[in-house]
Amino acid sequence: MSQSLIGKRVGVLDKGWIELVDMMPHPDSDISGDLAIVNAARVSFLGESKGDDRDKKLLFYLLRQRHTSPFEMVEFKFRVRAPLVTWWQWVRHRTWNMNAQSGRYTPFQESDFYVPDVWRKQSRDNKQASEGFLDALENEELTGALLAHYEEGYRLYSEALAKGVSKEMARLFLPGFSVYYTWVTKIDAHNLMHFLRLRMARDAQYEIREFAAAIHEHFFEPALPWTAEAFAKYVLKAE
């Protein structure tokens with residue numbers, strides 16, 4: 001595993017990003033993440049490697065048979081900047097440890113709002129999903145209206161702050177669902193796979209699907225190549 005993963009930041013959506021802050025085992029360790037999983041499974045045998053072929057075979061067996069506790073021995077810690085509409089989806093996964101930026105301490109900036117590239121239509125068959133897109137003219141009109149809404153809300157927010165209103169009350173003027181927040185989050189590899197399985201699925205909301213895909217491609221696969229391969233074979237393809 002490359003040291004370059006620690007501190008790597010990947011852009012998501014228009015202004016969001018995800019950064020790997022730390023992980024266990026650390027990239028400087030002599031033990032890779034995949035081997036840490038295998039060693040945990042061999043705890044009765046002092047966790048000794050038996051060579052790549054046998055180690056990988058055991059890891060695949062563990063995931064295929066749903067022996068998941070060894071995968072909890074690997075952890076990822078991220079800093080994530082995402083709009084609140086995404087966090088509302090994310091916090092449903094209570095296996096994540098989270099600490100969030102607070103608007104009571106840090107004032108928001110004028111650009112701290114999510115602007116979608118396109119406007120999605122409501123799905124006819126799924127009340128909580130979208131399907132298809134508006135045409136170009138409607139898309140442009142709605143984006144203009146959204147930007148005007150943001151501008152007015154931020155103007156009122158700034159005006160309240162200038163009058164001495166507390167930050168915790170002034171933020172009531174901000175458009176709530178679209179404000180970007182930065183969080184520190186941590187999760188083990190077993191529960192991360194559960195999150196990825198659900199949030200990379202086609203019926204997941206687009207915004208969180210983009211964050212899940214970024215985690216999978218830029219952090220999970222490079223850090224745990226054997227685990228990612230087994231995950232694709234026994235979980236993603238199986239569904």
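This report walks through the nonpolar core, the aromatic rings and two charges that sit over rings.

## Ground rules

You're looking at a predicted model, where local features need pLDDT of at least 70, side-chain atom pairs count only at pLDDT 80 or more, and totals for chains, interfaces and linings use all residues. Residues are numbered from 1 along each chain as its sequence is written, and side-chain values use heavy atoms, with hydrogens and water left out.

## The core

Let's start inside. The largest nonpolar core (buried Ala, Val, Leu, Ile, Met, Phe, Trp, Tyr and Cys residues joined through side-chain atoms within 4.5 Å) has 58 residues. Those with the most contacts inside it are Ile 18, Phe 76, Phe 78, Trp 90, Leu 192, Phe 195 and Ile 215. Helix α7, residues 206-223, gives the most to this core: eight residues. Helices here are DSSP runs of H or I, at least four residues, numbered from the N terminus.

Phe 76 counts as buried, at 0% relative accessibility, and Phe 78 is buried at 0% too. Buried means under 20% relative accessible area with a 1.4 Å probe, protein chains only. Leaving out residues up to four places away in sequence, Phe 78 touches (heavy atoms within 4.5 Å) Ile 18, Trp 183 and Phe 219, among others.

## The rings

Rings of Phe, Tyr and Trp (its six-membered ring) pair if their centres lie within 6.5 Å, and planes under 30 degrees apart count as stacked. That rule gives 17 aromatic pairs. Phe 76 and Phe 78 are stacked, because their ring centres are 6.0 Å apart and their planes are at 0°. Both belong to one aromatic cluster, whose members include Trp 87, Trp 96 and Phe 211.

## Charges over rings

Lys 8 lies over the face of Phe 219, 6.0 Å from the ring centre. The charged end of Arg 9 sits over the ring of Trp 17, at 3.7 Å from its centre. The rule asks for NZ of Lys or CZ of Arg within 6 Å of the ring centre and within 35 degrees of the ring normal.

Note on methods:
Buried < 20%, exposed > 50% of the residue type's maximum accessible area, 1.4 Å probe, protein only. Helix = DSSP H or I, 4+ residues; strand = E, 2+ residues; numbered from the N terminus. Phe/Tyr/Trp six-rings, centres within 6.5 Å; stacked < 30°, edge-to-face > 60°.
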